[in-house]
Amino acid sequence: MAVAAGLSFASCTKSIEPLEKKSLSQEESPGTESMNRENPGSFALLSSIDLGNTGAAEISAYDEKTKKLFVVNNSDGVADRCIGFFHSFQSGALNKYQCNNLWGFVNSVAARDGFVAAAIEAITKTDAGKVVVFKATDYTAVKLIGVGALPDDIKYSPDGKFIVTANEGEPNSNYTIDPMGTISIISVKENYQVTTLDFSAFASMEAGLKSRGFRIFGPGASFARDIEPEFIAISSDSKTAWVTLQENNGIAKVNLVHKVITDIFRWV
């Protein structure tokens, strides 16, 4: 039985409250501002909406410039899958819902400065995926960029110079096709030029990584083909990305400026 999926939004009516007074030894250094935190008890529901069945409302992104919210919708019955969007979100209402067809299974979405980037897997998931960048104002496509197989997560860097995708590269069900897991770095101001990185250079580290708990387990899979990047976090200075290798029990460190994977870490 299908389960309905939807969105709910809350607001903070009291804004922020100060943290408890610190002891003298915990006092902040002179010249620094006091830390504050939001009070969860002051949150109130603003609005909610039913978007569809399983697969709807999985990932969302808000564009501050246009005051619009963009939501992945891969629910059954949605033609060719899409990005759903809401107008006038500054009012707190989820109104004027529409669906922008992007011709593929949309795994993730990111928004910045009036533009939206969507990570879309191929019809055959082991084939190369793509990123579609479109305007948040009128939803016209700006650029179509080829990336690695099964782009799963997508992020804008804080400075807006890069779009980064974690391309999971999942195998087919019987492992007869197993694409490389990769990371794509798209240079926004260089006409969306893309550099896609794989993990071949780290194959010599396999034994050492496995001895510390890193997993390479696919039947007959090489090191590079077994890596499966999943989620991305980018440093505040926009120079470094950290990408989880979910199936492998690890994290990759990526230099965005020089467009190179610099290290792999095994997480505990």
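**Exercise 1. Determine how strands E10 and E11 pair in this predicted model, and extend the description to the sheet around them.**

Step 1. Strand E10, covering residues 115-121, and strand E11, covering residues 128-135, are joined by six bridges in the antiparallel sense; within this pairing, Ala119 has Val131 of E11 as its bridge partner.

Step 2. Moving on to the next pair, E11 and E12 run antiparallel and are also connected by six bridges, with Val132 finding its bridge partner in Leu144 of E12. The two strands make a hairpin in which five residues lie between them, and Tyr139 in the turn adopts a positive phi of about 65°.

Step 3. Put together, the order E9-E10-E11-E12 describes an open sheet of four strands with antiparallel pairing. Because strand E9 (105-112) and strand E12 (141-149) each have a single partner strand, they stand at the edges, and one side of each is left without a neighbour in the sheet. Averaged over this sheet, and with direction ignored, neighbouring strands are turned by 20° against each other.

**Exercise 2. Describe the hairpin of E19 and E20, naming the residue with a positive phi.**

Step 1. Residues 250-255 form strand E19 and residues 260-266 form strand E20, and the two pair over six bridges in the antiparallel sense.

Step 2. A register point is given by Val254, whose bridge partner in E20 is Ile261.

Step 3. Four residues lie between the strands of this hairpin, where Lys259 takes a positive phi near 55°.

**Exercise 3. Characterise the protein chain as a whole through its secondary structure, its burial, its contacts and its accessible surface.**

Step 1. The chain contains two helices and 20 strands, and of its 268 residues, 45% are buried, where buried stands for under 20% relative accessible area.

Step 2. If one takes the contacts between residues at least 6 apart in sequence, 45% of them join residues at least 24 apart.

Step 3. The exposed area of the protein chain comes to about 13,800 Å², of which carbon and sulfur atoms supply 52%.

**Exercise 4. Decide which residues have pLDDT under 50 and how this bears on reading the model.**

Step 1. Over the protein chain the mean pLDDT is 82, and 73% of the residues reach 70 or more.

Step 2. Against this background, residues 13-34 form a stretch over which pLDDT stays under 50, although the model has 23 contacts for this stretch beyond four places in sequence.

Step 3. Where pLDDT is low, the predicted coordinates should not be read in detail.

Technical notes: Residues are numbered from 1 along each chain as its sequence is written. This is a predicted model: local features need pLDDT of at least 70, side-chain atom pairs count only at pLDDT 80 or more; totals for chains, interfaces and linings use all residues. Side-chain values use heavy atoms; hydrogens and water are left out. Two strands pair if DSSP finds at least two bridges between them. Buried means under 20% relative accessible area, exposed over 50%, partly exposed in between (1.4 Å probe, protein chains only). Contact means heavy atoms within 4.5 Å. Accessible areas come from the Shrake-Rupley method with a 1.4 Å probe; for residues, only the protein chains shown count as cover. Axes are lines fitted to C-alpha atoms, for helices over the stretch in contact, and angles run from 0 to 180 degrees between N-to-C directions. pLDDT is the predictor's confidence in each residue, from 0 to 100.
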